[in-house]
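This report is written for someone looking at the structure below for the first time. It goes from the overall layout to single helices, a pocket and a few individual residues.

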Amino acid sequence: MRDRLTERQNQVYEFLRSYIRTNGKPPTIKEIGAHLTISSTNGVHKLIVALEKKGYIRRARHEARGISLIGGEHDPLSDEGDVPGIALL
């Protein structure tokens, strides 16, 4: 079981989910900061590190868009062979 997110961490996570779903790629640190009105890239970085430590995301070092969600979000461009989910209403 993953640790619970703070309200601000949840805002970042939900933005990541929405951005990836809409654009097919993750946002940059600057884009996250701009959306959440966080002027410091260091502040965004701390939130991203917390999400990674809690097991919600994975980061690829030294990549501007190196964030991927862990579990729950399928990447349609990946070669992992996962079957895409179907939304139920």
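How far apart should the ends of helix 3 be at 1.5 Å a residue, and how far apart are its end C-alpha atoms? Helix 3 has 13 residues, which should span 18 Å, and the end C-alpha atoms are 18 Å apart, in agreement with that expectation.

## Overall layout

The model is predicted. The protein contains 3 helices and 2 strands, and from the N terminus on these elements follow the order α-α-α-β-β.

Of its 89 residues, 27% count as buried. Among contacts with a separation of 6 or more, 52% come from residues 24 or more positions apart.

## Helix 3

Helix 3 covers residues 41–53. Its buried residues are V44, L47, I48, A50 and L51. Seen down the helix axis, these residues fall within an arc of 160°, so they line one face of helix 3. The packing partners of the buried residues of helix 3 are helix 1, helix 2, strand 1 and strand 2.

The other side of helix 3 carries the exposed residues K46 and K53. K53 has a relative accessibility of 72% and therefore counts as exposed. Along the sequence, K53 and D3 are 50 residues apart, yet their C-alpha atoms are 9.1 Å apart in space.

## Helix 1

Helix 1 runs over residues 7–23. It has 17 residues and reaches 24 Å from its first C-alpha to its last, close to the 24 Å expected at 1.5 Å a residue. Which residues of helix 1 are buried? They are Q9, V12, Y13, F15, L16 and Y19. These residues cover an arc of only 160° around the axis, so they are on the same side of helix 1.

On the other side of helix 1, E7, R21 and T22 are exposed. The buried residues of helix 1 pack against helix 2 (29–35), helix 3, strand 1 (57–59) and strand 2 (67–69). Helix 3 in turn has helix 1 among the partners of its own buried residues.

## Before and after the elements

T6 sits in the segment before helix 1. With a relative accessible area of 40%, T6 is partly exposed, since the partly exposed range runs between 20% and 50%. Its C-alpha atom is separated by 9.8 Å from that of L51, 45 residues apart along the chain. L51 is one of the buried residues of helix 3.

Past strand 2, the segment that follows holds G71. G71 is also partly exposed, at 47% relative accessibility. G71 and I57 are 14 residues apart in sequence, and their C-alpha atoms are 8.6 Å apart in space.

## Residues with a positive phi

Most residues other than glycine have a negative phi. Which values do T37 and H62 take? Phi of T37 is near 50°, a positive value in a residue other than glycine. H62 is not a glycine either, and its phi is positive at about 65°. G24, just after helix 1, takes a positive phi of about 75°.

T37 is placed in the loop between helix 2 and helix 3, and it is exposed, with a relative accessible area of 71%. H62 belongs to the loop between strand 1 and strand 2. H62 is exposed as well, with a relative accessible area of 86%.

## The second largest pocket

Rolling a probe the size of a water molecule over the atoms shows where empty space is left. The second largest pocket has a volume of about 200 Å³. Which element gives the most to the lining of this pocket? Helix 3 does, with 3 residues.

The lining consists of I29, T41, H45, I48, R59, A60, R61, H62, E63, A64, G66 and I67. By class, these are 5 nonpolar, 4 polar and 3 charged residues. Two residues met earlier appear in this lining, I48 and H62: I48 is among the buried residues of helix 3, whereas H62 is exposed in the loop between strand 1 and strand 2.

Conventions. Residues numbered from 1 in each chain as written. Predicted model: local features only at pLDDT ≥ 70, side-chain atom pairs only at ≥ 80, totals over all residues. Heavy atoms only, no water. Helix = DSSP H or I, 4+ residues; strand = E, 2+ residues; numbered from the N terminus. Buried < 20%, exposed > 50% of the residue type's maximum accessible area, 1.4 Å probe, protein only. 1 Å grid on protein atoms, 1.4 Å probe; cavity = no way out; pocket = protein on both sides within 12 Å on 5 of 7 lines; lining within 4 Å. Points joined across faces, edges and corners; volume = space filled by probe spheres on them. Nonpolar A, V, L, I, M, F, W, Y, C, P; charged D, E, K, R; others polar. Expected span 1.5 Å × (residues − 1). Arc of directions from axis to C-beta. Contact = heavy atoms within 4.5 Å.
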